[in-house]
Amino acid sequence: MTDVDSPPGVVPVKQRQTQARTRRQEDFSGEQQLCCVICRHAITSSRDATVRQGNHFHDRTNPDGRRFLIACFQNAPGCFVSGNSTAIHSWFTGYHWSFAHCAGCSCQIGWHYSGEQPFFGLMVEQLVECAGDQAG
Ligand SMILES: [Zn+2]
């Protein structure tokens, strides 16, 4: 935990610039917080991004014909998982899936896959990059 969010309220300009510079360096190191597009609850970060079956992104279609672009994360602390896991129609061979929801607003944000290397497959359209310094 090296990231310290700016305190609420007025921040002197000089300090702001220093923080902005720090933030940019963090971006280069590949750490970007990803939040729920609906309620802005912090879901995961790019640091937890992982690769499953050869790719980080997967373009999949469910049996109902709905298409999803999902991204793989080894951890998503802002999610909760619901339902019993099942292998039926699993997009990842050898993995059982269950629903993953935003802990902030309970909307479905993707799926959790249990198996040899458990991971979250999160819908890209449900995630938005956020700096972590939420205004208001
Ligand atoms: Zn949410």
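This tour moves through a predicted model, from the whole chain to its two sheets, its core and one loop residue.

**The whole chain**

Begin with the entire chain displayed and coloured by confidence. The average pLDDT is 84, and 74% of the residues score at least 70. Next, select residues 15–28, where the pLDDT is below 50. Beyond near neighbours in sequence, this stretch has five contacts in the model.

Switch to a cartoon view and follow the chain from the N terminus. One helix and nine strands are present, in the order α-β-β-β-β-β-β-β-β-β. Of the 136 residues, 21% count as buried. Among the contacts with a separation of 6 or more, 48% are between residues 24 or more positions apart.

**The sheet of three strands**

Select β1, β2 and β9. These strands make an open sheet in the order β2-β1-β9, with antiparallel pairing. The edges are held by β2 (42–45) and β9 (127–130); each has a single partner strand, so one side of each is left without a neighbour in the sheet. Neighbouring strands here are turned by 40 degrees against each other on average, direction ignored.

Now focus on β1, which covers residues 33–36. Three bridges join β1 to the antiparallel β2. To trace this pairing, select Gln33 with its bridge partner Ser45, and then Leu34 with its bridge partner Thr44. The hairpin of β1 and β2 has five residues between the strands. Select Arg40 in this hairpin: its phi is positive, near 65 degrees.

Turn next to the pairing of β1 with β9. Four bridges join these two strands, which run antiparallel. Gln33 can be selected again here, as it stands opposite Cys130 in β9.

**The sheet of six strands**

Hide the previous selection and display β3 to β8. Their order in this open sheet is β3-β4-β8-β7-β6-β5, with antiparallel pairing. Which strands stand at the edges? They are β3 (57–61) and β5, each with a single partner strand, so one side of each is left without a neighbour in the sheet. From one strand to the next, the twist averages 30 degrees.

Within this sheet, select β8 and its two partners. On one side, β4 and β8 pair in the antiparallel sense over four bridges; show Ile70 together with Met123, its bridge partner in β8. On the other side, β7 and β8 are likewise antiparallel and joined by four bridges. Here Gly110 has Leu122 of β8 as its bridge partner. The connection from β7 to β8 is a hairpin with four residues between the strands. As for burial, β8 is mostly covered, with four of its five residues buried.

Move on to β6 and β7, which pair in the antiparallel sense over six bridges. A residue pair to select in this ladder is His96 and its bridge partner in β7, Ser114.

**The nonpolar core**

Show the side chains of Ile43 and Leu122. Of the 21 residues in the largest nonpolar core, these two touch the most other members. At least two residues of this core come from each of β1, β4 (67–73), β6, β7 (108–114) and β8 (119–123). The strand that gives the most is β4, with four residues.

Which residues does Leu122 touch, not counting those up to four places away in sequence? Select Ile43, Ile70, Ala71, Phe73, Ala76, Ala100, Ile109, Gly110 and Leu127 to see them. One of these contacts, Gly110, is also the bridge partner of Leu122.

**A loop residue: Phe92**

Finally, select Phe92, located in the loop between β5 (79–86) and β6 (96–102). Is Phe92 buried or partly exposed? Phe92 has 18 C-beta neighbours inside 10 Å, and therefore counts as partly exposed; a buried residue would need 20 or more.

Add Arg52, Gln53 and Tyr113 to the selection. Phe92 touches these three, residues up to four places away in sequence not being counted. To end the tour, place a distance label between the C-alpha atoms of Phe92 and Gln53. These residues are 39 apart along the chain, yet their C-alpha atoms are separated by 7.8 Å.

Definitions and conventions: Residues numbered from 1 in each chain as written. Predicted model: local features only at pLDDT ≥ 70, side-chain atom pairs only at ≥ 80, totals over all residues. Pairing = 2+ DSSP bridges. Axes fitted to C-alpha atoms, helices over the stretch in contact; angles between N-to-C directions. Buried ≥ 20, exposed ≤ 12 C-beta atoms within 10 Å, placed from the backbone. Contact = placed C-beta atoms within 7 Å. Core = buried A, V, L, I, M, F, W, Y, C linked by C-beta atoms within 7 Å. pLDDT = per-residue confidence, 0-100.
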